[in-house]
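Hi,

Here is the structure I promised to pass on. Have a look at it first, and my notes on what turned up are underneath.

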Amino acid sequence: MNILSPSILSADFSKLGEQIIQTKEGGAQYLHIDVMDGVFVPAISFGMCVIQSIRGITDMVFDVHLMITEPIRYIEEFAKDGADIITVHLEACRDVRATLLKIKECGCKTGLTIKPGTDIEALRPFLDITDMILIMSVEPGFGGQKYIEASTERIAKVREMIDSSPYEIDLEVDGGINLSNVTTVLEAGANVIVAGSAVYKDDIRNNTKQFMDILQNGGRK
């Protein structure tokens with residue numbers, strides 16, 4: 001099943017609750033929540049209090065992407081505050097396996113992600129404890145960047161890696177995805193799509209519906 005995960009990093013925070021509801025009404029299943037610490041990436045975003053405050057307004061799956069150094073320190077709190085999937089950066093963890101196991105211990109699904117410059121083979125040792133792989137198609141840390149074209153080949157190779165393994169793993173892509181290139185990303189093998197400004201600009205409900213129309217047709221317009 002193809003899934004849309006709108007990134008609230010691009011939302012208007014003065015209308016956050018209303019805009020989240022609009023994406024749900026448009027058919028989005030997940031909500032992508034970027035947490036940045038100003039250390040692993042230059043930017044700083046929202047944290048646990050935001051997740052806790054919006055948990056009560058929607059039953060959407062909270063797809064929490066931690067762009068923070070040594071995220072194992074905070075896994076338990078993010079789980080308590082309402083995260084359903086917690087994705088960590090391989091590059092940010094001293095012990096990747098221990099971090100993923102901590103996520104599972106807290107009752108959440110595990111996500112593992114890498115920056116555009118990291119070899120995809122670094123993911124292979126952790127397939128057995130990973131529920132979702134996130135391929136970053138921009139450098140993490142800022143919204144509104146342009147999709148890196150070389151990401152398409154990386155997506156396809158990770159899809160091959162997953163399909164040749166005995167594990168069922170979702171493949172998510174985040175960065176510069178819009179209505180004109182989402183089909184390419186789906187055809188490369190992704191089944192979870194993160195979109196920020198392409199969803200939260202202008203008519204949010206209609207933008208979401210347009211994405212869902214493409215996703216529900218398996219990537220074919």
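Let me start with helix α1 (residues 16–26), where Leu16, Gln19, Ile20, Gln22, Thr23 and Gly26 are buried. Looking down the axis of α1, these buried residues fall within an arc of 155°, so they line one face of the helix. The arc is taken over the directions from the helix axis to the C-beta atoms. Buried here means under 20% relative accessible area, exposed means over 50%, and partly exposed is in between, with a 1.4 Å probe and protein chains only. Helices (H or I, at least four residues) and strands (E, at least two) are DSSP runs, numbered from the N terminus.

Before I go further, the housekeeping: this is a predicted model, so local features need pLDDT of at least 70 and side-chain atom pairs count only at pLDDT 80 or more, while totals for chains, interfaces and linings use all residues. Residues are numbered from 1 along each chain as its sequence is written, and side-chain values use heavy atoms, with hydrogens and water left out.

Back to α1. Its buried residues pack against β1, β2 (30–36), α2 (48–55), α7 and α8, where contact means heavy atoms within 4.5 Å. Right after the helix comes Gly27, with a positive phi near 115°.

One of those partners, strand β1 (residues 3–6), contains Ser5. With 0% relative accessibility, Ser5 counts as buried. Not counting residues up to four places away in sequence, Ser5 touches Tyr30, Leu31, His32, Asp63, Glu172, Val192, Ile193, Val194 and Ala195.

Helix α4 (residues 96–105) is the other one to look at, with Val96, Thr99, Leu100 and Ile103 buried. Down the axis of α4, the buried residues fall within an arc of 95°, so they too line one face of the helix. As a reminder, an α-helix has 3.6 residues a turn, so residues three or four places apart point the same way. The cover over the buried residues of α4 includes α3, β4 (85–89) and β5 (109–114).

Both ends of α4 have something to show. At the N-terminal end, Asp95 acts as a cap, with a side-chain oxygen 3.3 Å from the backbone nitrogen of Arg97. That is a polar contact, meaning a pair of N or O atoms within 3.5 Å; within protein, one must be able to donate a hydrogen and the other to accept it, and residues adjacent in sequence count only if both atoms are side-chain atoms. Just after α4, Gly107 takes a positive phi of about 85°.

Which residues other than glycine have a positive phi? Glu70 is one of them, with phi near 45°, and Asp202 is another, near 65°. Glu70 sits in the loop between β3 (61–67) and α3 (75–80) and is buried, with a relative accessible area of 15%. Leaving aside neighbours within four places in sequence, Glu70 is in contact with Ala92, Cys93 and Arg94. Asp202 is in the loop between α7 (197–200) and α8 (204–216), and at 70% relative accessibility Asp202 counts as exposed.

How about the cysteines? The structure holds 0 disulfides, a disulfide being a pair of cysteine sulfur atoms within 2.5 Å. For Cys49, the closest cysteine sulfur is in Cys108, 18 Å away, which is too far for a bond. Cys49 counts as exposed, at 56% relative accessibility. The sulfur of Cys106 also has Cys108 as its closest cysteine sulfur, at 6.6 Å, and that is too far for a bond as well. Cys106 counts as partly exposed, at 24% relative accessibility.

Last, the rings. Two charged side chains sit over aromatic faces: Arg55 lies over Phe62, 3.6 Å from the ring centre, and the charged end of Lys115 is over Phe40, 4.5 Å from the ring centre. The test is NZ of Lys or CZ of Arg within 6 Å of the ring centre and within 35 degrees of the ring normal.

Shout if anything is unclear.

Cheers
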